[in-house]
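Subject: Structure handover

Hello,

Here is the structure I said I would pass on. Please have it open while you read the notes below.

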Amino acid sequence: NLTQKQEELLDFVENYWMQRYCAPTYKEIAEGLGVKSVGWVHSLVNDLVSKGILLDIPSLVSYQLVLY
């Protein structure tokens, strides 16, 4: 089961991807969810990665979030 904030984050990432064909940054997610802490977003993403819902792929420029 997912928390409400996890659901909101997934919805945001999916909508962002559909509009821009790329993953949002942690800062963009924070702004989109109306929170100030990028660290909080990072923690939330890590929770979803550990549940196998998101895949966090490091690249030379940034991390890419991929929905499974």
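What follows is a short account of what was found in it, going from the whole chain to single residues.

Overall layout

Please keep in mind that this is a predicted model. The chain has 68 residues, and 28% of them count as buried. It contains three helices and two strands, and their order along the sequence is α-α-α-β-β. The accessible surface is about 4600 Å², with carbon and sulfur atoms making up 55% of that area. Of the contacts with a separation of 6 or more, 38% are between residues 24 or more positions apart.

The nonpolar core

The largest nonpolar core has 14 residues. L9, I29, V41, V45 and L54 have the most contacts inside this core. At least two core residues come from each of α1 (4–20), α2 (26–33) and α3 (38–50). Helix α1 gives the most, with five residues.

Two further residues can be placed relative to members of that core. A30 is in helix α2. With a relative accessibility of 3%, A30 counts as buried, because the cut-off for buried is under 20%. The C-alpha atoms of A30 and L9 are 9.0 Å apart, with their positions 21 residues apart in sequence. Beyond its neighbours within four places in sequence, A30 is in contact with V35, S37, V38 and V41. The other residue is L55, in strand β1 (residues 54–58). L55 is partly exposed, at 29% relative accessible area. From L55 to V45 is ten residues in sequence and 9.0 Å in space, taken C-alpha to C-alpha.

Helix α1

Much of the side-chain detail in these notes concerns this helix.

Take Q6 to begin with: is it buried or exposed? Q6, which is in helix α1, counts as buried at 4% relative accessibility. Leaving out the neighbours within four places in sequence, the contacts of Q6 are N1, L44, D47, L48 and K51.

Side chains of opposite charge can pair when their charged atoms come close. The structure holds one salt bridge. K5 and E8 form it, and their closest N and O atoms are 3.3 Å apart. That distance lies inside the limit for a salt bridge, because a nitrogen of Lys or Arg has to be within 4 Å of a carboxyl oxygen of Asp or Glu. Both K5 and E8 lie in helix α1, three residues apart, which is about one turn of the helix. Neither partner is buried: K5 is partly exposed with a relative accessible area of 34%, and E8 is partly exposed with 25%.

A pair of aromatic rings is described by the distance of the centres and the angle of the planes. The count of such pairs comes to one. The rings are those of F12 and Y16, with centres 5.9 Å apart and planes at 40°, so the pair is tilted. F12 and Y16 both lie in helix α1, four residues apart, about one turn of the helix. Y16 counts as buried, with 9% relative accessibility. The ring of Y16 also has the charged end of R20 sitting over it, 4.2 Å from the ring centre.

The loops between the helices

Most residues other than glycine have a negative phi. Y21 is not a glycine, yet its phi is positive, at about 60°. This residue is in the loop between α1 and α2. Y21 is exposed, with a relative accessible area of 66%, because exposed means over 50%.

In the loop between α2 and α3 there is S37. It is partly exposed, at 36% relative accessible area. S37 and K27 are ten residues apart in sequence, and their C-alpha atoms are 8.4 Å apart in space. As noted above, S37 is also among the contacts of A30.

If you want places to begin in the viewer, I suggest these three: the salt bridge between K5 and E8, the tilted ring pair of F12 and Y16, and the positive phi at Y21.

Regards

Terms used
Residues are numbered from 1 along each chain as its sequence is written. This is a predicted model: local features need pLDDT of at least 70, side-chain atom pairs count only at pLDDT 80 or more; totals for chains, interfaces and linings use all residues. Side-chain values use heavy atoms; hydrogens and water are left out. Buried means under 20% relative accessible area, exposed over 50%, partly exposed in between (1.4 Å probe, protein chains only). Contact means heavy atoms within 4.5 Å. Accessible areas come from the Shrake-Rupley method with a 1.4 Å probe; for residues, only the protein chains shown count as cover. A nonpolar core is a set of buried Ala, Val, Leu, Ile, Met, Phe, Trp, Tyr and Cys residues joined through side-chain atoms within 4.5 Å. Rings of Phe, Tyr and Trp (its six-membered ring) pair if their centres lie within 6.5 Å; planes under 30 degrees apart count as stacked, over 60 as edge-to-face and the rest as tilted. A charge sits over a ring if NZ of Lys or CZ of Arg is within 6 Å of the ring centre and within 35 degrees of the ring normal. A salt bridge is a side-chain nitrogen of Lys or Arg within 4 Å of a carboxyl oxygen of Asp or Glu.
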